[in-house]
Each structure stands twice: as C-alpha cells, then as structure tokens.
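Morning, everyone. I'll keep this short: one residue, then the cysteines, then confidence. Here is the structure.

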Amino acid sequence: AVDISNLRDQTGYVTLDRGYKNTGATQSAITFLDGEEGILRYRGYSIEDLASKASFLEVSYLLIYGELPTQEQFNTFSTGIRRHTLVNEDMRKIFDGFPVNAHPMCVLGSLVNAMSAFYPDSQEGKNTDLHITRLMAKLPTLATWSYKRSQGHPTNYPKNELDYIANFLNMMFALPVEDYKVDPVVAEALNVLLILHADHEQNCSTSTVRLVGSSQANIYSSIAAGVNALWGPLHGGANQEVIEMLEEIKEGGGDVAKYIDMAKNAKTTGFRLFGFGHRVYKNFDPRAKIIKKAADDVLSKLGVNDPVLEIAKGLEEAALNDPYFVQRKLYPNVDFYSGIIYRALGIPTNMFTVMFAIGRLPGWIAQWKEMREQKEPIGRPRQIYTGSTLREFKEISQR
Ligand code: ACO
C-alpha cells in the first residue's frame with residue numbers, strides 16, 4: 001500500500017474513488033479479511049474457531065481489548081455488563097413518543113443517540129470503559145422494547161442472574177403469565193450468529209462510526225450513526241429483504257428462475273438478489289458457509305420445517321450455475337441464510353437488522369476505540385466539483 005494522503009499537496013491532484021472501492025482510510029489491527037481466499041479472522045483468530053468454541057462476550061472482549069480474556073478479566077467484563085442492563089426510566093418517555101409501528105431500527109438508532117444526553121461526560125471523552133460497558137449492556141434491553149410493544153405486551157426488565165444471550169431472550173419472549181425457559185439450541189444458535197456478525201473491518205456502518213467519531217463526537221452518537229448506516233438494504237437491512245424476497249417467491253409458487261432472470265437484468269429491472277454479492281468477498285463468504293450449516297442444524301433440532309430454506313437453497317444453486325453470477329463472482333453473503341435462522345428462533349422479520357446491530361456492536365466499539373487511540377485525523381473526503389463556474393447574482397425581482 002502507498003500512502004497518498006498528501007498527494008494533493010504534492011501534485012495538485014485528487015483521487016476519485018466512488019464508494020471507496022480501493023481506498024484504505026485507516027490502518028487497523030482488529031479484523032483480517034482476504035476476500036479472494038474467503039478468510040476472516042478477529043485479532044488473528046479464525047472465524048470458524050471463534051464461532052464453534054467461544055462465547056459472544058469473549059469475542060466482544062477480544063475485539064474491544066485485543067486479547068481473549070482470562071477468567072478473571074471475563075468475570076469483571078461480564079459482571080460490569082450485568083450491572084448496567086437497566087435503562088434510565090426517562091428513556092421510556094422518548095420511546096413512548098414513537099408510533100407503535102415505527103421500524104425497530106429507527107427506534108434503536110434514536111435511543112442510542114439519546115444515551116449521550118444521559119451520560120454527558122461521554123462528550124468530554126471521559127470514562128470510556130464505562131460507556132463501553134453501558135452500550136454492551138443496554139443495547140439488548142433497548143432492542144427488546146420495540147418487539148414487546150409491537151405485541152402489545154409489557155416490557156420485561158433484565159434478569160441479571162442470566163447470561164448475556166439468555167437475558168436478551170428472556171426480555172424478548174418471557175410473558176408475565178407463564179414461565180419462560182431458554183432453549184439451549186436457540187441460545188447456541190444466537191451465540192454463533194452474533195459472533196459471525198461481530199466485526200467486518202471497514203464496512204459501511206463501521207466506517208461511519210469511525211468517520212463520525214473522528215470529529216471527536218461521543219461514543220453513543222458515533223455508534224448511533226453506525227446503527228443508522230446498517231439499516232440500509234444494501235448493508236444490514238439485506239437480511240430483512242432476503243426473507244421478504246424468499247416469501248414472495250414462495251407465494252408466487254416457488255419460481256426461482258424468474259428471480260434469477262430479474263437479477264441478471266438488474267440494470268433494467270432495478271432488482272438485485274438480496275443476500276448475494278459482496279464488496280470484498282470474491283469467493284464464498286466464510287460466514288455464509290457457517291450460517292448455511294447452522295440453518296440446517298437449528299431447523300432440524302427445533303423441528304421447524306420452513307419451506308423458504310429449500311427455496312433459498314434452490315436459488316443459491318441456480319445462481320452458482322449461472323454465468324451472470326459466476327462471472328461477477330456473486331456468492332451468498334452473511335445475510336442470505338441468517339434470516340431463516342432468526343425466524344426459526346421466533347424473531348420477527350423487522351427485528352432482523354436489530355439482531356445484526358447487537359452482533360456488530362463490539363466491532364463498532366473496537367473500531368471507534370482504535371480510531372481514537374491512534375489519534376486519527378478528522379475524516380474528510382475530497383471531491384471533484386462538477387457544478388457551474390462563477391455566475392453573476394441577480395436580485396429576486398430580475399430572475
Ligand atoms: N444481484 C444481481 N446483480 C448484482 C448483485 C445482486 N445481488 N450484486 C452485484 N450485482 C452485479 C451488479 O449489477 C454489477 O454488474 P455489472 O458488472 O454488470 O455492472 C456487478 O454485479 C458488481 O456489482 P457492484 O454493485 O459494483 O458491487 P459492489 O461491490 O458495489 O456491491 C453489494 C456490493 C452492495 C453487496 C451488492 O452485491 C448488492 O447490492 N447485493 C445485494 C444486497 C446485499 O445482499 N447486501 C448485503 C451485503 S453483506 C452486508 O452488508 C452485511
């Protein structure tokens with residue numbers, strides 16, 4: 001890599017790289033990704049090892065602090081999180097102001113940003129570890145509020161004797177009228193999904209977090225910006241789009257070929273096969289491989305027969321045998337099968353991207369922290385101006 005950060009001063013030229021397809025904006029020691037070989041590692045540990053052997057909180061610690069925690073470090077980290085799961089009751093008033101059918105991603109982004117009003121020392125750059133703990137602790141609590149209200153149910157307070165994932169599931173699904181027991185198959189599946197989503201180097205939402213944070217905006221506002229960037233259908237919002245697309249194919253009688261044809265004519269139809277293609281993976285997305293297998297395992301263990309799984313497999317097979325997809329190296333990405341698992345776990349479609357946000361949170365935090373510790377300059381891309389040259393101002397009466 002060549003550092004061209006002062007190219008303009010030296011030559012008078014600006015590089016134009018729309019979508020930053022080949023522009024590195026930082027040096028980072030967090031996530032290694034080789035898109036040609038389909039390799040993904042967090043802090044040097046393979047995604048396959050972490051997904052099969054670690055807990056989401058261990059991986060979160062690894063991403064944020066650089067090493068896998070010792071037992072003592074883990075206890076301190078997880079106890080701190082348990083102690084901060086409650087959300088200030090005044091946040092509820094903000095939440096209550098949203099329409100009942102507000103999209104949960106809109107609510108989440110707004111509430112995370114609102115946290116900066118409750119912890120104003122974050123804007124002074126103080127007590128960063130405490131703010132990190134609060135974010136990790138409160139995001140699952142906030143995430144469950146929208147779901148509970150959409151069901152017309154009272155929200156559940158956290159139960160801090162439960163671990164991170166069980167606590168989330170309890171806040172989501174427990175009803176005051178009956179006992180709720182966390183199914184270990186569900187908890188394990190969620191653990192794997194959250195780990196697979198935990199970081200992915202300089203993707204759109206993470207770059208947004210770093211860019212907003214580079215102005216020295218506080219950690220809550222920076223992470224809220226990441227939530228908002230994640231919502232878009234070309235990024236984390238794709239998991240919701242995938243299920244809606246698969247449902248539509250099912251309703252239409254399962255005609256996979258029609259959708260392949262529409263996607264091949266993306267330029268005229270404007271239709272893209274959601275869950276397919278990736279900016280950096282030009283080989284199989286290693287996360288998709290793990291998720292595809294997990295989808296089979298989880299559905300069979302839970303005894304769920306979801307016809308969209310077969311449609312997804314049919315779509316994948318048809319795409320992988322079609323020259324359009326082969327030539328463009330378009331493979332299933334992390335979002336292609338994740339929604340099928342979320343659905344089997346009882347999570348509604350409009351919450352899928354929220355689940356992604358819970359998973360991605362430690363990655364955003366780690367990247368924000370690294371950016372601040374590296375004392376990176378404010379992010380400020382250049383442009384090539386294409387507007388008018390100097391024009392003469394006319395008074396409004398003469399226009
Ligand atoms: N369906 C049909 N055609 C596609 C698709 C798709 N899903 N993805 C890319 N293409 C085609 C493009 O039309 C383009 O064709 P062309 O060479 O004839 O012009 C070519 O493949 C390259 O596509 P780009 O848009 O240049 O690739 P880019 O790297 O900018 O986009 C992206 C990557 C946004 C992920 C894209 O593949 C896409 O829109 N996929 C669907 C949405 C999706 O699944 N997003 C989730 C990504 S993973 C994540 O964010 C967690």
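Start with T206. T206 is buried, because its relative accessibility is 0% and the cut-off for buried is under 20%. Keep in mind that this is a predicted model.

Where does T206 sit? In helix α10, which covers residues 204-213.

Now its partners. The T206 side chain makes a polar contact with the side chain of N203, at 2.9 Å. Which residues does T206 touch once neighbours within four places in sequence are set aside? D199 and E201, then R360, W364 and Q367.

On to the cysteines. How many disulfides turn up in the whole structure? Zero. Take C106: the nearest cysteine sulfur belongs to C204, and it is 17 Å away. A disulfide needs the two sulfurs within 2.5 Å, so that pair does not count. Turn it around and C204 is likewise in no disulfide, with the sulfur of C106 as its nearest, 17 Å off.

Are these two buried or exposed, or in between? C106 is partly exposed, because its relative accessibility is 27%. C204 has a relative accessible area of 46%, so C204 is partly exposed too. The band for that class runs between 20% and 50%.

Last, confidence. Where pLDDT is low, predicted coordinates should not be read in detail. Here the chain has a mean pLDDT of 94. Residues at 70 or more make up 100% of the chain. As for the model scores, ipTM is 0.93 and pTM is 0.94.

That's my part. Questions?

Note on methods:
Residues are numbered from 1 along each chain as its sequence is written. This is a predicted model: local features need pLDDT of at least 70, side-chain atom pairs count only at pLDDT 80 or more; totals for chains, interfaces and linings use all residues. Side-chain values use heavy atoms; hydrogens and water are left out. Helices (H or I, at least four residues) and strands (E, at least two) are DSSP runs, numbered from the N terminus. Buried means under 20% relative accessible area, exposed over 50%, partly exposed in between (1.4 Å probe, protein chains only). A polar contact is a pair of N or O atoms within 3.5 Å; within protein, one must be able to donate a hydrogen and the other to accept it, and residues adjacent in sequence count only if both atoms are side-chain atoms. Contact means heavy atoms within 4.5 Å. pLDDT is the predictor's confidence in each residue, from 0 to 100.
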